[in-house]
Amino acid sequence: MPAVPHPPWRIPFVGDALSLSAQTPAQSITGYAGLGEVFEVRVLRYPRMLIVNSAELAEPILDDAAWTKVNGPAFRRLAPMAPTGLLFTGTEDALWKLAHQRLQPAFSRIAMREYHASMNPLIAAHVRRWAEAPQPVNITDLTQDLAYDVITQAGFGAVLSRAQRNDFVRTMFALIRATNRGKIIPFLDAVLGVNPTPPHAQALRRHVEMIIDTPGANAPILRALSDTDPEQGAPLTRDQIIDQALVLLIAGHETTSGTVAFALYELARNPQIAERARQEIAETGKSPAELEYEDIVGLRYLRAVIDETLRLHPVAPAFIRSALSDTTLGAYPVTPHDWVYLNLLAIHRDPTRWDDPDAFSPDRFLAGPTPKSYKPFGTGARACIGRALALHEAVLTLVHVLHTQTLTPTGYRLDIEEFPTLKPRDFTLALTAHQYSN
Ligand code: HEM
């Protein structure tokens with residue numbers, strides 16, 4: 001049996017840890033994609049991780065009947081802040097099934113219409129402020145603020161002050177930095193018995209309690225979490241509601257904001273694509289404020305812009321599975337103890353599935369069926385519950401920006417931050433108001 005390739009500089013006990021960047025693990029893993037369709041990474045006490053870089057090898061792993069989700073190192077470090085949160089529980093765990101079922105109505109088409117009604121004026125107001133600010137503006141920060149307001153207001157019905165929002169975002173970053181410490185000095189936490197999570201996690205949980213206790217709040221996610229209809233199973237306990245709300249707040253804004261920031265980065269570099277998207281908006285014959293939910297769903301080209309953004313820049317850059325029984329991956333045997341990392345940064349640019357894979361070309365999503373291995377929202381039962389909300393919000397944000405603003409690049413060079421989702425670090429753009437006529 002051939003040996004599975006691995007990065008150079010493997011050393012006893014530590015394994016391949018020194019070959020991977022603690023700050024940008026997904027990008028450093030992708031840097032070794034030249035090792036082949038599959039290579040192996042071993043880090044400390046963690047199971048062997050097989051990195052899959054090709055669409056052909058990824059496709060069979062998308063089958064829920066043969067593979068199951070496992071939490072990799074990043075999720076394991078974050079799980080203590082919200083242990084029963086949807087992202088972290090096992091697929092066989094009754095709590096995952098219960099919460100997943102209870103949350104379904106919050107992501108239905110009826111809920112999407114409700115989100116649209118509350119999001120549209122909110123996004124308009126944010127984009128107006130971006131345009132009025134001294135230029136250039138930091139798009140990475142602004143899209144994050146916007147996405148946070150969308151999830152708290154449209155999802156939970158809570159209107160927070162800027163200070164409260166900044167406080168949450170600061171604490172979230174502090175928590176992620178604290179949990180990253182275990183990555184940078186891998187033995188430290190284990191040796192000292194330190195768990196860096198609790199103080200930050202408690203602050204985040206208090207913030208969530210303030211949101212879910214907002215007097216008179218009435219919005220789809222809050223309603224679904226608080227629902228006690230016995231047809232849908234047992235009501236969630238207070239702690240479970242906080243866990244779910246915290247996961248939805250974080251998963252629901254970091255990812256969408258990164259996607260919009262990457263989309264604006266690509267649109268600023270490709271003015272002809274931005275112009276075609278503007279044309280599509282103009283063809284609706286309506287101003288953004290007048291657009292209904294269905295109008296946004298009908299913007300096929302803008303949706304293709306977002307799809308293409310998530311192909312080149314999958315903000316959730318990987319998901320991890322383990323086999324339910326012994327199997328193979330190409331020439332290599334795999335056991336249920338192995339972790340298999342679907343590396344979307346490589347799979348989404350596989351030249352056997354995509355022509356000119358590094359080019360930003362939304363048209364490829366209008367041309368025909370999408371390759372099966374295009375999976376920016378994960379797969380199967382554990383696929384992203386917030387997909388429809390994220391896509392709607394991202395398209396609607398682009399509508400407001402493109403309709404009112406010209407995007408002028410500032411010479412920014414792409415530098416991708418991993419938090420652990422991806423975003424362009426401090427991406428700036430100069431926005432200039434233009435009068436786009438319908
Ligand atoms: C462009 C934006 C987004 C992307 C690319 C994205 C991506 C993903 C991916 C890849 C997974 C699967 C992770 C795995 O298998 O380990 C996932 C799961 C999840 N996402 Fe998203 N997501 C986005 C937006 C959202 C939004 C807006 C929400 C909620 C408001 C959300 C909530 C969740 C939750 C709760 C899960 C766990 C689902 C489960 O395991 O049952 N996400 N997301």
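Two strands pair if DSSP finds at least two bridges between them. Helices (H or I, at least four residues) and strands (E, at least two) are DSSP runs, numbered from the N terminus. Keep both in mind; we start with sheets.

First, the ground rules. This is a predicted model: local features need pLDDT of at least 70, side-chain atom pairs count only at pLDDT 80 or more, and totals for chains, interfaces and linings use all residues. Residue numbers start from 1 along each chain, as its sequence is written.

Now the five-stranded sheet. It is open, its order is β1-β2-β8-β5-β3, and its pairing is mixed. β1 and β3 (67-69) are the edges, each pairing on one side only. Neighbouring strands are turned by 35° against each other on average, direction ignored. For that angle, axes are lines fitted to C-alpha atoms, for helices over the stretch in contact, and angles run from 0 to 180 degrees between N-to-C directions.

Look at β8, residues 339-343. On one side, β5 (residues 318-323) runs antiparallel to β8, joined by 4 bridges. In that pair, I320 has Y341 as its bridge partner, and A318 has N343. β2 (residues 49-52) also pairs with β8, in the parallel sense, again over 4 bridges. There, V52 partners L342.

How many residues of β8 are buried? The count is 5 of its 5. Buried means 20 or more other C-beta atoms within 10 Å of the residue's own; exposed means 12 or fewer; partly exposed is in between; C-beta atoms are placed from the backbone. In a regular strand the side chains alternate between the two faces of the sheet. In β8, W339, Y341 and N343 are on one side, V340 and L342 on the other, and both faces are covered.

Over to the edge strand β1, residues 38-41. Take V41, which lies in this strand. V41 counts as buried because 24 other C-beta atoms lie within 10 Å. Its contacts, leaving out residues up to four places away in sequence, are H6, P7, D16, L20, I29, M49 and I51. Contact here means C-beta atoms, placed from the backbone, within 7 Å. V41 also sits 7.6 Å from G15, C-alpha to C-alpha, with their positions 26 residues apart in sequence.

Second sheet. This one is open too, with 3 strands in the order β4-β12-β9 and antiparallel pairing. β4 (137-138) and β9 (405-409) are its edges. β9 pairs with β12 (residues 428-433) over 5 bridges. Q405 partners A433, and P409 stands opposite L429. β4 pairs with β12 over 2 bridges, and V137 also has L429 as its bridge partner.

Next, the cores. A nonpolar core is a set of buried Ala, Val, Leu, Ile, Met, Phe, Trp, Tyr and Cys residues joined through C-beta atoms within 7 Å. The largest one has 87 residues, and A245, L246, A263, L264, V305, V395 and L398 touch the most other members. Which helix gives the most to this core? Helix α11 (residues 238-269), with 17 residues. Apart from it lies another core, of 30 residues, among them V38, V70, F319 and V334. In soluble globular proteins, nonpolar side chains tend to be buried together.

α11 comes back at the ligand. It gives the most to the surrounding shell, with 7 residues. α16 (387-404) also supplies at least two. The shell holds 25 residues, and G252, T255, G378, C384 and G386 come nearest. To be near, a residue needs its C-beta atom, placed from the backbone, within 6 Å of the molecule or strand. The shell divides into 16 nonpolar, 7 polar and 2 charged residues. Ala, Val, Leu, Ile, Met, Phe, Trp, Tyr, Cys and Pro count as nonpolar, Asp, Glu, Lys and Arg as charged, and the others, Gly among them, as polar.

Last, backbone oddities. Most residues other than glycine have a negative phi, and most peptide bonds are trans. The bond from Q135 to P136 is cis, with omega near 0°; P136 lies in the loop between α5 (109-132) and β4. F419 and P420 are also joined by a cis bond, omega about -5°. W9 has a positive phi, near 70°, and counts as exposed because it has 10 C-beta neighbours inside 10 Å. D356 has a positive phi of about 40°, in the loop between α15 (344-347) and α16.

Methods: Contact = placed C-beta atoms within 7 Å.
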